[in-house]
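Please read this report beside the sequence and the coordinates. It goes from the overall fold to a single residue.

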Amino acid sequence: MDNVPFKETIRNRLIESAKKYYSLINKKIIISSKCFTMKKEYIIRFYETNFLHLTGVKTKLSSECFFNKCFNESILMEDFDCDSTTQLKGLVRLKMRNMINIDSFFINEIEVQEDFEKGSIKCLLGASDNKCTIGFVDAKYCLRPKTILDKNHLDKEKPIIKVVPIIK
């Protein structure tokens, strides 16, 4: 059995994740519920420039260039850092575990929470499929993804609402 180096595995996952992430870029995802207190509905959009932050890797490339290189499969090992520290390696491992499935996150019912907070992360909306949690922040006319966390991190002390996203 071949032992693939960690960085090479991450490169392959970045490429696969970029293709799955791309499938969300031209979509408008509507999350609505009568139980929401801040708004009746939230519109979520995915942008090329948010992909880098969600992966956890470090790079000197612009976020748009990084996404395009991953999507076009031209990302080189020297284009990014994912393992220079144990902390970075662990963070990237957890984020990439979930980025690889981001295209299927909104297919089924999810749990959402307004005013989501986890440590220093503050988001207008948090959503979980019980495998991961995605936090969304304001981008003027819609919400954009800010973070992806492994497992469900919604606060059980605050209202959690089950919704079926509408993808347009």
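The sections below describe a predicted model, beginning with its overall make-up.

## Overall fold

The protein contains 4 helices and 8 strands. Read from the N terminus, the order of these elements is α-β-β-α-α-α-β-β-β-β-β-β. The radius of gyration is 16 Å, close to the 15 Å that the globule rule gives for 168 residues, so the protein is as compact as a globular protein of that length. Along the principal axes, the C-alpha atoms fill a box of roughly 50 × 30 × 30 Å.

Among contacts with a separation of 6 or more, 58% are between residues 24 or more positions apart.

## Burial, surface and charge

Of the 168 residues, 42% count as buried. The exposed area of the protein is about 9,400 Å², and carbon and sulfur atoms supply 50% of that area.

The protein carries 29 positive and 22 negative charges. The mean positions of the two sets lie 3 Å apart.

## Strand β4 and its two partners

Strand β4 covers residues 121–128 and is mostly covered, with 6 of its 8 residues buried. Strand β4 pairs with β3 and is also joined by bridges to β5.

Strand β3, residues 110–118, runs antiparallel to β4, and the pairing extends over 7 bridges. Within this pair, E111 stands opposite S128 of β4. The two strands form a hairpin with 2 residues between them. In that turn, G119 has a positive phi of about 60°.

Strand β5, residues 132–138, is also antiparallel to β4, and 4 bridges join the two. Here L125 has F136 in β5 as its bridge partner. β4 and β5 form a hairpin as well, with 3 residues between them. N130 in this turn has a positive phi of about 75°.

## T147 in strand β6

Is T147 in strand β6 buried or exposed? T147 belongs to strand β6, which spans residues 143–150. Its relative accessibility is 4%, and buried means under 20%, so T147 counts as buried.

Which residues does T147 touch, leaving aside those up to four places away in sequence? They are L54, K95, I121, T133, I134 and G135. Of these, I121 falls in β4, which spans residues 121–128, while T133, I134 and G135 fall in β5, residues 132–138. The contacts of T147 therefore include residues of both strands of the β4–β5 hairpin described above.

Terms used. Residues are numbered from 1 along each chain as its sequence is written. This is a predicted model: local features need pLDDT of at least 70, side-chain atom pairs count only at pLDDT 80 or more; totals for chains, interfaces and linings use all residues. Side-chain values use heavy atoms; hydrogens and water are left out. The radius of gyration is taken over C-alpha atoms; the globule rule is 2.2 Å times the number of residues to the power 0.38. Buried means under 20% relative accessible area, exposed over 50%, partly exposed in between (1.4 Å probe, protein chains only). Contact means heavy atoms within 4.5 Å. Accessible areas come from the Shrake-Rupley method with a 1.4 Å probe; for residues, only the protein chains shown count as cover. Lys and Arg count as positive and Asp and Glu as negative; His and the chain ends are not counted. The place of a charge is taken as NZ of Lys, CZ of Arg, CG of Asp or CD of Glu. Two strands pair if DSSP finds at least two bridges between them.
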